[in-house]
Every structure is written in structure tokens, then in C-alpha cells.
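Visitor: Please pick one part of this model and look at it closely. Then show me how the other parts are put together.

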Amino acid sequence: MGRYMLSRSLRALLTIFLVVGFAFTILRLSGDPAMMILSADAPPEAIEAFRESWGLDAPLWQQFWGYLLNIIHGNFGVSMRDGSPAMRLVLESIPATLALALPAFALNLLIGIPAGIFAALHRNSWVDRLVMSFSVAGHTLPSFVLGLLLVLIFAVSLGWLPSGGYSGVEHAILPVLTLTVGGAAVLARYTRSSMLEVLGQPYIRAASAKGLRWSQVVTRHALPNAALPIVTIAGLMFGGLIAGAVVVESVFSWPGVGRLTVSAVGNRDLAVVQAALLLITVSMVATNLVVDSIYCLFDPRLRASSGAHH
Amino acid sequence: MTSTVVDSSPLLNISDLRITFDQRGHTSEVLHGVDLDIIRGESIGLVGESGCGKSVTWLGVLGLLGKHTRVTGSAKFQGRELLGLSDTELSQIRGRKIAMIFQDPSSSLNPAQRVGAQIAESLALHRDLRGAQATAEVLALLDHVEIPDAKRRMNAYPHELSGGMNQRVMIAMALAGQPDLLIADEPTTALDATVQAQILLLLDTVRRDTGMALVTISHDLGVISEICDRVLVMYAGAIVESAPSQTLFTDAQHPYSLGLLAAMPALNAEVHRLTTIRGSIPQAGQLIQGCRFEARCDFAQDNCRLSSPTLKTIAVGHSLACTRKLAA
Amino acid sequence: MTALLSVNNLQRHFSVEGNKEWLSGKKILRAVDGVTLSVQRGKTLGIVGESGCGKSTMAKLVLGLIPATAGTVEFDGKPVTANRNQAWRAARRHMQMVYQDPLSALDRRLTALAQVTEPLNIHHKHGETHPTIAAQSMMRAVGLTDNLFQRYPHELSGGQRQRVVLARALVLKPSLLVCDEPISALDVSVQAQVINLLTDLRQQMNLTMLFISHDLRVVRHICDEVAVMYLGRIIEQGSAKNVLSHPAHPYTRALISAVSTPGAKHATLNSGRIILKGEPPNPVDVPTGCSFHPRCALATAHCKTNAPVTTRIGEAHTVSCHLHTMIHHGLGS
């Protein structure tokens, strides 16, 4: 098990490295920060000077190497706009993102999982079809469309809720709702298929034959076995919530990591983008690792390796 | 250990049992009126090929068939009608009065739970035994089914045990409720030959020790003849012949029974060309007017197509459903 | 006459992850552990044994589907390797396999006729009969009616599917047919049909067959010779009649006595039946000495420490058992 975790951790580091490297390269190849920050009709000398001061005239690999060395020393660069440390800007925006992500995650679990279980237990009934229709709709509707729709209905037409901003609980309702719909839809679908697969197994019928009431069969034998894939999906979703808030935060002008990243990309504010990406990548990879180890811990078949026969 | 009073009232009495599956608008009747009686302590075998209904009969009686099925007729256990009972009422019967073990023991056990705990669940459910008492009884049951090193084995997960071991666990679990009737659905099909011999011996021993009735379902006539006193041959959803097992193997009457017997190669006989039954089994739910075996029968006559034969007694303990033979 | 198929001291080992408890590294699973056998042209050899004995691995080794760890396989005088090169693909023409589960052996998306025609299209030589015609005639020969040609596998019954698999295997007119439990998944009445079919085809096409099965009754019926495997080794071998009527090895005796004979009620259950102790063991933990000794009622101290040698006990009948070695050499009682 230890060997397994070590190799997973190494692979995780490799992933982070690749993501950061990729972003680094793309950012520098796809537009000139100097032009973005200074404005297109700034004098060429000013642009040159800007480039030089930020080291943008050096070859790409040299820039990347320099960046890596800096990271090791804890220096993530500074924002090209106002000079403040990039990582600090990013870290400061995390609480706002979490303020959306955590409630949304909780609601995903509270709505999605029971819906999926219920749909599976009443397969092909009208309830099942209803849940699945909502699930498909929630899954396929892009979050910005949903977000704008909600704004249109609740903020513009009905005037019940504000359309954006960050100054009170009522500002969080629509963005959290937007995040929840997509997440709960996905979770309901996966929960349903995991439950259906377990319910089709021979040991479920055998459990009924033992004399357990159906409710006992479901809670004692079906749910524990269906739980593992659901835990995996939920864990991965949590990692994704941090990253996926990008769109929602932009729609609702919510000052979280997502919105920061988007505006930094638009401005080619390189250090900030890289710092944000690094953080998001690390959180996703870490979540994956945790989810993997939970899975390993709870499925007895994965725990022992293939030699454990007797 | 003899009983002074022989109780010959049927333990289970099934009458005109019909089972229909409702799949997306298609209804197909898979069991066409099965009648059978089981006496306390008896050992009967149900033999037949795919689609004959040998498993579906018991799943229907125990209410284990799921939502889109209709079970009509009557199934009385110790005088009490089972069909139409609610799930809660049936759960009092299952495991406690009538227990069932299944074909693939390794997948009939919860993979995420230790086997000892699964047996203990039955003990808590049916005999209200918990804690140290339950553990002691689990060990006693595991010993009874001849699992060596029971103390260690009870903490194993199903995937850590072999098929034979798991089948013993299932038998132990079934015995935990002290049932009056045990239904063994293809108990040895998924097991190796030498293990099969062990399990059959175990089933027979357990039956004699506890006095419970045993129903063995199999496609293998050899297995059936080992431990059953009486054999019922089923074909396409109905019983075609029922006889004491010695009689069936020496004096079978139904063309299908004869066909099955002839189709098996023997170990020590001279090698000869096997007699086969031409054609194939009808599709489940296929509507057939007369005898369901008629299309494959070498002796079919015209009136075999007119009406479906019913099971009639032709000798003591020997019944047959064959238009031609009964008319003769 | 040289044998069509000749196997010499064949071994196939797998390394598996060690048990976590002992923190040991890899362990070795000896699936096939030194098998020597040969099959004459036109004869059928049956390989019997229980799970873990290595018979399915033998099938794959003989066909060159997996590489051997040691030992040789020779087909028609030429060595068989597992390198998937031109020669290997060309050899497919001469050796084919029939599997246990016909449904998973067939491509779900091809019609029956398409499946049988495919090998012909691959190996087609100029001037031979048109593939479709040859395929159709083969399908009729295995008893499939014309109306089934365009059906998909899921539209066919178990017996019909297995016939398609057979037709596909035989359409190239191979000299060797390896059957790995070809009838266990079929209904009893269908088994009889397929057994008869195999016997007929074998005669008509002068097939050499390797028939792997756990069912001794079928093996007795179809095979000329039989080899009994236990934990990767052959422990008894000979003509089917001799081995199955006069079994020498204690394991063979147990296997035979485990066969249920209809009508022999309780005779086999109570008396005369040999019930072995314990379970078929794991090929990862092969016992020392004679690998059968933990379950053998006749085992002696000698059996625990020394591996038995193959002794000839009759014409076309050999056994690996100390008991017989001693009897044969007049030692002990």
C-alpha cells in the first residue's frame, strides 16, 4: 500500500508539473502581456522596457526554469498590474470561492444522492423518469446559461434577489443554486447507476431470501456496496467545484479564485494566472489522491493483493 | 432418533401455480400451472433445462421475483397461503421457515462483509441471538458444515474463500434460521467435481440431521439421483413427469424424460452415438396450443396438438403429463 | 508415425503480487509445471482436471496464444511460438479453438455468416472456392439452417451459437482443433447434439482434437486418450478406456467416484465414494514432494518429500504416483 501511495504521489507531482508548464507556455505564446497591460498604442520603447523588466524577452525555457527555481523558494511572482504578490492575491480570493463551493457541495450531496437512490429503487416509474429528466437537463445546461437564466428570472423579472456582488447572504443564493443544479444532476445520475448495478447482483436477492425486509436489504447490503463509486464521484466533484466556479463567479461578479483567474488571463497577468492554476491543480490532484485512498480503504477486495487465497 | 408420529400432511402444497412476466407491454407466461406437494423431511429434485421454470417456481412462491411479475394459483405452507402476502409478512417466512441457497455462492454473499457477520445477521434476525452467543453459534454452524479452522474463517471475506467454502457458508447461513424447508438452486453447478461430491454429502447429512425437507434444483440428472427420493421433470414451464428417483431412472415414461436420460454419456458404458432430442426449447412465453413438447417428440400424434396434457397419476407416486400415454 | 502435436516439458509460470502479510515480493504461480504429451494425427486427447490444474493454460500454450516459460510445443514438426508474426498468423489456418462461452466468443455485431466467412477472407488463396459459398456449406454441415445465416449472436440459442463457433473454427479445415470446455455452458439435450456433431466432423475431416473438460463422462465418450492434470502436472495418462475404467492414481479415482451416475442412488453417496479432504489447492502454493499428498488418503512420509516419477503400468497407461512406482518395481506391498 505504501508503495502504491508513493507512486501515486509521484504521478500527482508530474501532473502538476505538466499543467503548470503547459499553461506557462500557452500564456506566453498567445498574446503579448506588454500590449495588454500598457495598451496597444504605447510607444515601442515602453513596450520593450516592460518586456525586459519582466524578463519576457528571454527564451521560453529560461523563463520556465527561472519560474521553477522561484517557486521552490516560495516566490510565485507578482501581479503585473499592481505589483502585489501573485499567490497572496490568489489565496485571498479563496474564501469567496469556498463560500460558494462548500454550500453547493453540501447541497449536491443532500439532493443528488437521495434522488439517485430513490430513482434506482423505483426504476422506470414516473418518479424515476422525472428525476432522470431533471438530471439530464441539469447536466447538459451550461452553467453560464443557467446562471443567466436565474438572474433573468429572480433578479430582473421578480426582483427578489440581487444579480451580482458580494455583500450579503442573498448575493450567494443564485450562484450556489447554479452550482448545485449541475452537481446534483451528475451525482443523481451516478448514484442511480451505481445503485442499479448493485441491486442487480445475486447477493441482493440472496439477502431477501434470508428474510430481511426490503428496507433492510437496501440499507445493509445495497447502499454500502453502492457507496464506494459514489464517494469517488463526490470527491472528484469537490475538486472540480473549486475550478468550475470560474464561470459562475464571472456571471455573478463573485470575487473568488475563478473570477480572478479569468481577468488575469484576459490581462495576461502571467504570474497571477500561474499561481491560480497551480493552486487549482494541486487541490484537484490532492482530492484525487484522497479519494483513491478512501476507495482502497473501504473495498476489501482492493486491500489484499492477489495472493490472499485460502 | 426416530419420530413416533409420521406427519404426512404436506409441508408445502402448490396448486396451479402460474407465473407471468410483464416486460414493457409484453406479457409472457413462463409457468403454466404447476402442482406439487412436499411432505416434512422429504427430499425432492426438480430437473430440467433452461426455461423450464424449475427456479422461477420457488422464487415466485417466496415473492422474490420483483415487480413486473404476476403469480397466481396457490402455495400453502403449513396451511398458510403464501401468495399475496406482503413483503414484510414474507420476510417472516424466508430464512425462518423456507430457506434458499443459490447457484454461485461467491456472488450470493455480500462482498463487503465478513462471512461470520453475514451468518450472524441471520441469527439475529431469526433467533434473536447477538454478541457472544451469536459468535458461539456461528462457530458451531461453521463446524456443522465442516469448514476447518472456523475461528479464522469467520472473519474472511467471500472473495478470500473458494467456491466450495462459500457454498458451505451459504448452507450454514440457511441453517441458522432452522428452516423446515431448504431449497437448493443448482447448489453444485459452479463447483469442481470433487467439491461437488462433498457438498452433496453435506446437504444430505444436514437434511437427515435436522429433519427438514430439501428441494434440489439441477439440470444434472446425476446430481438429482444422488440425494433425491422423488424427481420432478420439468419442461417449458410445466411438470411433465414425477416419480420416485429409482423409478424414473428405470421406468421413465415421458418422451422428454427418456430423451434426457439417453442424452447423457455414461462413464462406463460402451461408447455409442447419443440419442438426441431434435429441435430446441420453445421461447419463454411462446403461446403453444397443445403439448409444449409436441414439436420435438418422436411419438407425437395428432391430438397432442389439441390440448395441453395435465399431470395424472399412473402408478403409486408416479405421475405423467402425456396425452398419448394417458390415452392408451 | 510422427505425432501431429508434441509437447515436451512445457512450463508456464506467472508471477503474482505477494501476500501483503508476509511483505514478500512476487510469488510464482505454476500454472503448467512440466507437461509432456503427444497427440497422433486423427486422435483425440482429453485433458481433465479441476480448477487451477492448468488445463486452460495448456490450450493457450498449444496454440501459441501465450508464450511458454520453458519447454517446447511442436506442431507438425515445427515449433510453436507466441510471436505474432507472419508465420504465426499463417499457422492459424491449421489450428483452431472452440471456447466455453459461445456468446462471448462471437462478435456481437456480425451476422453468423459474416463470422464464418471472415477467416476465409483473411486466408483466402486465389483459386479456392468463393468464401461465402464455402462458409455457407460449412454452416450447413454443422447443422445450421439457411434462415439462421443472417442472424446476430443474440438472436440465436446457445446450441446454435456454439455451432457457429464450430463452423468458424472448421471452415479453414484445420488439422488441429482445441476445444476448451465447449459444451459446459449448454443445456443437456443440446450437449448431446454438439457431442454427436463433433464426433461426426472429426471423422469426416480427419481432425486431431485436444478436448479440455471437467466432465469425465463426455471425455470418455469423445476421447481416445486422456491425461489427468493436477496443479500443472499430468498425474495419469493413457487410453480413455484404461484410465477411466481402471484408474490408478488416487486423484483420478476420486474424480471418477465423484461422477454422479443417474440411478445409482445412495450407492455413491454412502459407500464406495471417495471424498477428498480439503479443497483444490492454489497453484501459488504447490505442496512439496507429491503435490497431491495433502489430500491423499494413502500418502506416506515418502510422498511428502519426494516428487513421484512417471511409471508405465500398462500398455498406453502411465501414472505419477509413488504407490505405483513401488508396486511396479516390486518394492513394498
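Guide: A close look at one sheet comes next, followed by the helix packing and a chain contact.

This is a predicted model, so local features need pLDDT of at least 70 and side-chain atom pairs count only at pLDDT 80 or more, while totals for chains, interfaces and linings use all residues. Residues are numbered from 1 along each chain as its sequence is written, chains are lettered from A and ligands numbered from 1, in the order in which they are written.

Start with the sheet in chain B. 8 strands form an open sheet, in the order β6-β7-β8-β3-β9-β10-β12-β11. The pairing is mixed. β6 (98–101) and β11 (312–315) of chain B stand at the edges, each with a single partner strand, so one side of each has no neighbour in the sheet. On average, neighbouring strands of this sheet are turned by 20° against each other, direction ignored. Two terms apply here. Strands are DSSP runs of E with at least two residues, helices are runs of H or I with at least four, and both are numbered from the N terminus. Two strands pair if DSSP finds at least two bridges between them.

Strands of a sheet pair through backbone hydrogen bonds, either parallel or antiparallel. This sheet shows each kind in turn. Strand β7 (residues 181–185) of chain B runs parallel to strand β8 (residues 213–218) of chain B, with 5 bridges joining them. One anchor point to find on screen is I183(B), whose bridge partner in β8(B) is V215(B). Now go to β11(B). It pairs with strand β12 (residues 318–320) of chain B in the antiparallel sense, over 3 bridges. T313(B) stands opposite S319(B) in β12(B). The hairpin of β11(B) and β12(B) has 2 residues between the strands, and G317(B) takes a positive phi near 75° there.

How far does the predictor trust this chain? pLDDT is the predictor's confidence in each residue, from 0 to 100. Chain B has a mean of 88, and 97% of its residues reach 70 or more. Among its elements, β7(B) has the highest mean, 96, and helix α11 (residues 323–327) of chain B the lowest, 82. Over residues 1–5 of chain B, pLDDT stays under 50, and the model has 0 contacts for them beyond four places in sequence. Residues are in contact if their C-beta atoms, placed from the backbone, lie within 7 Å.

Chain C has a sheet too. Its 4 strands form an open sheet in the order β2-β1-β4-β5, with antiparallel pairing. The edges are β2 (27–39) and β5 (78–79) of chain C, each with a single partner strand, so one side of each is left without a neighbour in the sheet. Strand β1 (residues 5–16) of chain C pairs with β2(C) over 10 bridges, in the antiparallel sense. S6(C) has S38(C) as its bridge partner in β2(C).

Chain C also touches chain B. The contact takes 38 residues from chain C and 41 residues from chain B. Several elements of chain C give two or more residues to its side, including α7 (188–205) and α8 (216–222). α7(C) gives the most, with 7 residues. By class, the chain C side has 17 nonpolar, 14 polar and 7 charged residues. Ala, Val, Leu, Ile, Met, Phe, Trp, Tyr, Cys and Pro count as nonpolar, Asp, Glu, Lys and Arg as charged, and the others, Gly among them, as polar.

Chain A is built otherwise: it has 13 helices and 0 strands. Its C-alpha trace spans about 85 × 60 × 30 Å along the principal axes. Helix α7 (residues 143–157) of chain A and helix α8 (residues 169–199) of chain A pack at about 135°, with their axes 9 Å apart. That makes α7(A) oblique to α8(A). Angles under 35 degrees count as roughly parallel, over 145 as roughly antiparallel, 65 to 115 as roughly perpendicular and the rest as oblique. The contact residues include L146(A) and F154(A) of α7(A), and L177(A) and V181(A) of α8(A). They divide into 7 nonpolar, 4 polar and no charged.

Confidence in chain A has a mean pLDDT of 83, with 94% of its residues at 70 or more. Helix α13 (residues 300–303) of chain A is lowest, at a mean of 66, and helix α9 (residues 202–210) of chain A highest, at 94.

Definitions and conventions. Contact = placed C-beta atoms within 7 Å. Axes fitted to C-alpha atoms, helices over the stretch in contact; angles between N-to-C directions.
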